[in-house]
Amino acid sequence: MTPKEPREDKTAALLRAALMSTPGERITVEQLLEPLRRRAFGFLLLLLAIPNFIPVPLGIGGVMGVLVIALGVEMLIGLEHPWIPGFLRRRTMSREGLLRFLDRIAPVTRRLERICKPRVQRLTRRPFTFVSGAIMILVGILLALPIPFTNYVFGAMLIAFAFALVERDGILLLAVWTSTAAMVVASATFSRALVQLFRDMF
């Protein structure tokens, strides 16, 4: 039987501790993820969700979507820890900005942390990590597509996905898989309807 990991802190507390683990006003991606180790996939996914909730240049969904797809491919091929290119590992972020974001989403994270707990943990391990990788790729594709008013929706899905991975919550993970499948169907239906509308107009 695989031993359970210690669960002293929840997701938000672990991320805050990682943010405060080094001095300075800015922190690199590598410094942030280093103390998180085995949970790095989930935390990296949480970082990729952040730009979907803040004012950023148009098209950021496409950039984040590509990065989510890359992360999904790494999980799909069975990597234990995410591989990050050197230029991204050295990328710095504002420590204060990340802390403010955590404060902003605190109501959501508190609710998630209340319902999240290690359960049906087999779904968070191989071979089911291949399913998670494939689902992550689908979410990344949806995020990258120019579908109006969906950044918040897909950002919220990424946050739920991240919490499921970090907390080893197979039930929440299964809910994310199901929601993603439903979103794929809904997006395909909406896209067809939109194309038909433009054809009728012109």
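**View 1. The whole protein, with its 10 helices and 2 strands.** This is a predicted model, and its elements, read along the sequence, follow the pattern α-β-α-α-α-α-β-α-α-α-α-α. Of the 202 residues in the protein, 44% are buried, and the protein exposes about 11400 Å², of which carbon and sulfur atoms supply 66%. Among the contacts with a separation of 6 or more, 81% join residues that stand 24 or more positions apart in the sequence.

**View 2. Helix H1 beside helix H6.** Helix H1 covers residues 11-19 and helix H6 covers residues 95-104; their axes come within 11 Å and cross at roughly 165°. Because of this angle, which is over 145 degrees, H1 counts as roughly antiparallel to H6. The crossing of the two helices, H1 and H6, is left-handed. On the H1 side the residues that meet the partner helix are Leu15, Arg16 and Leu19, while on the H6 side they are Arg95, Leu98, Leu99, Leu102 and Asp103. Sorted by class, this contact of H1 with H6 holds 5 nonpolar and 3 charged residues, with no polar residue taking part.

**View 3. The surroundings of Thr11 in helix H1.** Thr11 has a relative accessibility of 2% and therefore counts as buried, since the cut-off for a buried residue is under 20%. Leaving aside residues up to four places away in sequence, Thr11 touches Phe43, Glu113, Phe163, Val166 and Glu167. Although Thr109 is 98 residues from Thr11 along the chain, the C-alpha atoms of these two residues are separated by 8.2 Å.

**View 4. Val166, a residue of helix H9 that is touched by Thr11.** Val166 belongs to helix H9, which runs over residues 151-166, and with a relative accessible area of 1% Val166 is buried. In sequence, Val166 and Leu36 are 130 residues apart, whereas in space their C-alpha atoms are 9.5 Å apart.

**View 5. Helix H3 against helix H9.** The axes of H3, which spans residues 40-49, and of H9 come within 8 Å of each other and cross at roughly 165°. That angle makes H3 roughly antiparallel to H9, and the crossing of H3 and H9 is left-handed. From H3 the contact draws on Gly42, Phe43, Leu45, Leu46, Leu48 and Ala49, and from H9 on Gly155, Leu158, Ile159, Phe161, Ala162, Phe163, Leu165 and Val166. The residues of this contact of H3 with H9 divide into 12 nonpolar and 2 polar, and no charged residue is among them.

**View 6. Helix H8 and helix H9.** Helix H8, residues 129-144, has an axis that comes within 10 Å of the axis of H9, and the two cross at roughly 160°. H8 and H9 are therefore roughly antiparallel to each other, and H8 passes H9 in a left-handed crossing. The contact is formed by Ser132, Ile135, Met136, Val139, Leu142 and Leu143 of H8 together with Asn151, Phe154, Met157, Leu158, Phe161 and Leu165 of H9. By class, the contact of H8 with H9 has 10 nonpolar and 2 polar residues, and no charged ones.

Conventions:
Residues numbered from 1 in each chain as written. Predicted model: local features only at pLDDT ≥ 70, side-chain atom pairs only at ≥ 80, totals over all residues. Heavy atoms only, no water. Axes fitted to C-alpha atoms, helices over the stretch in contact; angles between N-to-C directions. Helix = DSSP H or I, 4+ residues; strand = E, 2+ residues; numbered from the N terminus. Parallel < 35°, antiparallel > 145°, perpendicular 65-115°, else oblique. Left-handed = near helix turned anticlockwise from the far one by under 90°. Contact = heavy atoms within 4.5 Å. Nonpolar A, V, L, I, M, F, W, Y, C, P; charged D, E, K, R; others polar. Buried < 20%, exposed > 50% of the residue type's maximum accessible area, 1.4 Å probe, protein only. Areas by Shrake-Rupley, 256 points an atom, 1.4 Å probe, with all protein chains shown as cover.
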